[in-house]
Amino acid sequence: MTKRIVIAGGGAAGFFAAIAAAEADPQARVDVLEKSPELLAKVSISGGGRCNVTHHCFEVDRLVQHYPRGAREMIGPFHRFQPRDTVQWFESRGVPLKVEADGRMFPVTDRSSSIVQCLLRAAREAGVRIHTGRGLRAIRPRSGGGFDLDLTTGDTIPADRLLLATGGNKATAGYRLAVSVGHTIEPPVPSLFTFNVPDESLHALAGIAAPNAVIRAPRERVEQIGPILITHWGLSGPAALKLSAWGARAFAEHEYRAELLVNWQRDGLVALKEHIAKNRAEHPARTLAASHVLDVPARFWEWLCCKAEIPPDRQWSRLSKAEGERLIETCTASRFTMNGKSIYKDEFVTCGGVRLSEVNFKTMESKCCPGLYLAGELLDIDAVTGGFNFQAAWTTGWIAGQAMASA
Ligand SMILES: Cc1cc2nc3c(=O)[nH]c(=O)nc-3n(C[C@H](O)[C@H](O)[C@H](O)COP(=O)(O)OP(=O)(O)OC[C@H]3O[C@@H](n4cnc5c(N)ncnc54)[C@H](O)[C@@H]3O)c2cc1C
């Protein structure tokens, strides 16, 4: 009898699994059920329409360090399918990728449609049957193995193997379906957001970036290094986004109210002290505004002086010891109050999902329900920005597809 493999979710993980399964077992019948009218919707909008497919990081030990959740569990899977395999997968199907200075990889066309078309073509050529507007509503495991699947269209179909690849959107049925067959859900909360800081004087500096900063949330016990960007509503940039990912759960627990400390120039403390001493000794009559000591735009330096409660027209000779200390503290640990978060439009993901200890990472099969497999953002796996989230979807989808074909 023909083996029936059904995949719920027509996103990155679902498509990769469907193609892998159909290519590995051409005799099997592989169906993708997508509840919405659109396939691969997130791939289309991803990376600002360019699709940051993966990251140029081919060492598994380094790769997993980008995953606040799932790092340990993904070591094995990445040894089987990692970014190098993703590059090869797309290139062998006519879509070469390019790498940018920061390691992010995109199709050379700079268009996500190249990735979408490639996946649709590969699925079609492998004989995958794709259904849109047809979602999975309920899973009924059969006593002798396999499933009866109730669909949103009112019909019921059989399946020997079922993959849940319904993504990390808590509004969809994915979590409920996983729970219905015995799984536990780590509470879903957003990751990859920017910090709202209600400080108009900061907003006036929108557009200024500190390329080598350190941002810290002491109560949440997270710290990240990298560029910080001042925006019209607060703090963003790669270091802020990484902080939001590593602190996602703690920030949610504290209802997105936190104290943030920013060191605007990492490793700058010694140079800062030397500059202050030098200005005092050599240019005592000059004002602070006339000779700023950090490598930052003039209006930002003046803002730092004001934040340290020192008038920028103060002469260096008249800078008291306490004021000098305040200036150093402001440059190395500016304090902000976070009050809320904003969506980072280029990429956001869910922290939380199906508990990882309930999944066999050699096959992506459920330990709660034999014959059921799980892949993609539905799992409690997520990463910082840079193509790592899609990589988790490609890897877990590919492994699930191979396993469903051979089981
Ligand atoms: C704006 C944005 C930009 C992003 N850009 C990037 C990027 O450039 N690089 C990167 O690495 N990551 C990026 N991400 C993250 C990345 O898109 C996700 O990690 C990835 O799409 C997860 O893939 P998935 O297949 O698990 O889930 P999804 O892509 O969410 O796909 C799940 C699919 O399942 C369907 N579905 C849900 N319930 C059912 C049901 N009951 N029955 C049938 N179908 C169902 C959904 O409609 C959806 O189509 C971005 C995310 C966003 C929101």
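The exercises below, each with a worked solution, concern a predicted model of a protein chain with a ligand.

**Exercise 1. Describe the overall make-up of the protein chain and its division into domains.**

Begin with the secondary structure, where the protein chain holds 14 helices and 22 strands. Next take the extent of the chain: along the principal axes, its C-alpha atoms fill a box of roughly 90 × 40 × 35 Å. Burial is the third step, and here 46% of the 407 residues count as buried. Then turn to the contacts between residues at least 6 apart in sequence, of which 73% join residues at least 24 apart.

The domain division completes the description. Domain 1 is made of two segments, 4-189 and 347-406, whereas domain 2 covers 193-343. Taken over C-alpha atoms, the centres of domain 1 and domain 2 are separated by 40 Å. The contact between them takes 7 residues from domain 1 and 9 residues from domain 2, and the side of domain 1 that touches domain 2 is made up of 5 nonpolar, 1 polar and 1 charged residues.

**Exercise 2. Work out which residues and elements surround the ligand.**

The shell consists of 38 residues, and the closest are Gly9, Gly11, Gly47, Gly167 and Gly376. Assigning the shell to secondary structure, one finds that the elements giving two or more residues are helix 1 (12-24), strand 2 (29-34), helix 2 (41-49) and helix 14 (388-406). Of these, helix 2 provides the largest share, with 5 residues. Sorted by class, the residues of the shell comprise 16 nonpolar, 16 polar and 6 charged.

**Exercise 3. Trace the pairing of strand 1 with strand 2 and strand 10, and state the handedness of the unit that includes helix 1.**

Strand 1 spans residues 4-8, and 4 of its 5 residues are buried. On the side of strand 2, the pairing is parallel and extends over 5 bridges, with Arg29 in strand 2 as the bridge partner of Arg4. The connection can then be added: strand 1, helix 1 and strand 2 together make a β-α-β unit that is right-handed. Strand 1 also runs parallel to strand 10 (residues 161-164), to which it is joined by 4 bridges; in this pairing, Ile5 stands opposite Arg161.

**Exercise 4. Establish the strand order of the open sheet that contains strand 3, and characterise the hairpin formed by strand 7 and strand 8.**

For the open sheet, the order of the 3 strands is 3-5-4, with antiparallel pairing. The edges are strand 3 (54-55) and strand 4 (97-99), each of which pairs on one side only. Strand 3 is joined to strand 5 (residues 104-107) by 2 bridges, and Thr54 stands opposite Met105 in strand 5.

For the hairpin, strand 7 (residues 136-141) and strand 8 (residues 147-151) run antiparallel and are joined by 5 bridges, Ala138 standing opposite Asp150 in strand 8. There are 5 residues between the two strands, and in the turn Gly145 has a positive phi of about 105°.

**Exercise 5. Which of Cys51, Arg221 and Pro158 are buried, and which are exposed?**

The reasoning needs two cut-offs: a residue is buried with 20 or more other C-beta atoms within 10 Å of its own, and exposed with 12 or fewer.

Cys51 lies in the loop between helix 2 and strand 3. Because it has 28 C-beta neighbours inside 10 Å, Cys51 counts as buried.

Arg221 is placed in the loop between strand 13 (209-217) and strand 14 (222-230). With 10 other C-beta atoms within 10 Å, Arg221 is therefore exposed.

Pro158 is found in strand 9 (residues 156-159), and it is exposed because 11 other C-beta atoms lie within 10 Å. Leaving aside residues up to four places away in sequence, Pro158 touches Arg4, Gly146 and Asp148. By contrast, 56 Å separate the C-alpha atoms of Pro158 and Val262, which are 104 residues apart along the chain.

**Exercise 6. Compare the backbone of Cys51 and Arg221 with the general expectation for phi.**

The general expectation is that most residues other than glycine have a negative phi. Cys51 departs from this pattern, with a positive phi near 60°. Arg221 likewise has a positive phi, in this case near 55°.

How values were computed: Residues are numbered from 1 along each chain as its sequence is written. This is a predicted model: local features need pLDDT of at least 70, side-chain atom pairs count only at pLDDT 80 or more; totals for chains, interfaces and linings use all residues. Two residues are in contact if their C-beta atoms, placed from the backbone, lie within 7 Å. A residue is near a molecule or strand if its C-beta atom, placed from the backbone, lies within 6 Å of it. Ala, Val, Leu, Ile, Met, Phe, Trp, Tyr, Cys and Pro count as nonpolar, Asp, Glu, Lys and Arg as charged, and the others, Gly among them, as polar. Two strands pair if DSSP finds at least two bridges between them. A crossover is right-handed if, with the strands pointing away from the viewer, the path from the first strand over the helix to the second runs clockwise. Domain bounds come from an automatic or database domain assignment.
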